[in-house]
Amino acid sequence: MFAGFAAANAIIVVVATLLLLNRPPAPPLIQGVLLSEGRDLEDFRLLDHHNRAFTNDDLRGRWHIVSYGFTTCPDVCPTTLSQLVRVSRGLQETPYADLQVLFYSVDHRRDTVQQMATYVPYFHPGFIGLTHEDEVDNPHLPFEKSLGIVAQLVPNLTEDAEPDPNDYQVNHGVTLFLINPQGELQAIFEPDRPAPGRHVFNPDKVLQDYLAIRQYLG
């Protein structure tokens, strides 16, 4: 009887050990949200800063990180792009250097293809700028909706004149979107908020979180 109990306990220990060893690793804790499964993006059509069509197909085959804003932004947008330059440099010494940075403009009236072609390569020649033109079917909207891009054009109003459609301010959120090689949204990175109204990405933290995601997903 004693031998039977011992054998049964030994089997339980072995099974428990095997279950423990084969348990899938816990997902990394990132500064933002890691989706357990990638989320499809609706079909969209944009223009890159080379004046070429940019669609869902262009997202497939490699990892992308999307920043958004506008080229006349005085602080947040250029700072974020500069921080992504540091992230790209940090990746060069890792097996995960295949990260493509995209900058999407939420102010297409001013941010023409020509403007984007001047602005985006200033930060890094490998970055890609994305904008769009006015079209009846608004093929850019599925891109914004699928990622959750938040932006608003606010007219500058005066008491003595009608609003000028070309005189406005641009308000937008501050997040980074990570897209996997299947063209799906995989994670959202949130910035630090060191003071009210200030949003700053720590490039070391973005790099750390990105590497953790890549290692976790294999």
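Residues count as buried under 20% relative accessible area, as exposed over 50%, and as partly exposed in between. With that in hand, Asp-98 is partly exposed, because its relative accessible area is 29%. The structure you have here is a predicted model. Welcome to a short tour of its core, its largest pocket and some of its salt bridges.

**Nonpolar core**

- The largest nonpolar core is made up of 54 residues.
- Tyr-104, Phe-143, Leu-147, Phe-189 and Tyr-210 have the most contacts inside this core.
- Helix α2 (residues 76-91) supplies the largest share of the core, with seven residues.
- Phe-189 is a good place to zoom in: leaving aside residues up to four places away in sequence, its contacts include Ile-30, Ile-65, Leu-176, Leu-178, Phe-201, Val-206 and Ile-213.
- Tyr-210 is also among the residues that Phe-189 touches, as are Gln-31, Gly-32, Thr-175 and Asp-209.

**Largest pocket**

- The volume of the largest pocket is about 160 Å³.
- Two or more lining residues come from each of β5 (99-105), α4 (141-147) and β7 (151-155).
- Strand β7 gives the largest share of the lining, three residues.
- Among the lining residues are Tyr-104, Ser-105 and Val-106, together with Ala-151, Gln-152 and Leu-153.
- Three histidines, His-108, His-132 and His-140, also line this pocket, as do Arg-109, Leu-141 and Glu-144.
- Sorted by class, the lining holds five nonpolar, five polar and two charged residues.
- Tyr-104 is worth a second look, since this residue lines the largest pocket and is listed among those with the most contacts inside the largest nonpolar core.

**Salt bridges**

- The model has eight salt bridges in total, and three of them are described here.
- Arg-45 and Glu-135 pair through their side chains, with an N to O distance of 2.5 Å.
- This pair links distant parts of the chain, 90 residues apart: Arg-45 sits in strand β2 (residues 45-48), and Glu-135 in the loop between β6 (128-131) and α4.
- Both partners are partly exposed, Arg-45 at 34% relative accessible area and Glu-135 at 31%.
- Asp-98 and Arg-214 form another salt bridge, at 2.9 Å from N to O.
- Because Asp-98 lies in the loop between α2 and β5 and Arg-214 in helix α5 (residues 203-217), the pair ties together parts 116 residues apart in sequence.
- Arg-214 is buried, with 10% relative accessibility, whereas Asp-98 is partly exposed at 29%.
- Asp-48 and Arg-52 also form a salt bridge, with their closest N and O atoms 3.4 Å apart.
- Asp-48 is buried, because its relative accessible area is 5% and the cut-off for buried is under 20%.

Methods: Residues numbered from 1 in each chain as written. Predicted model: local features only at pLDDT ≥ 70, side-chain atom pairs only at ≥ 80, totals over all residues. Heavy atoms only, no water. Core = buried A, V, L, I, M, F, W, Y, C linked by side-chain atoms within 4.5 Å. Buried < 20%, exposed > 50% of the residue type's maximum accessible area, 1.4 Å probe, protein only. Helix = DSSP H or I, 4+ residues; strand = E, 2+ residues; numbered from the N terminus. Contact = heavy atoms within 4.5 Å. 1 Å grid on protein atoms, 1.4 Å probe; cavity = no way out; pocket = protein on both sides within 12 Å on 5 of 7 lines; lining within 4 Å. Points joined across faces, edges and corners; volume = space filled by probe spheres on them. Nonpolar A, V, L, I, M, F, W, Y, C, P; charged D, E, K, R; others polar. Salt bridge = Lys/Arg side-chain N within 4 Å of Asp/Glu carboxyl O.
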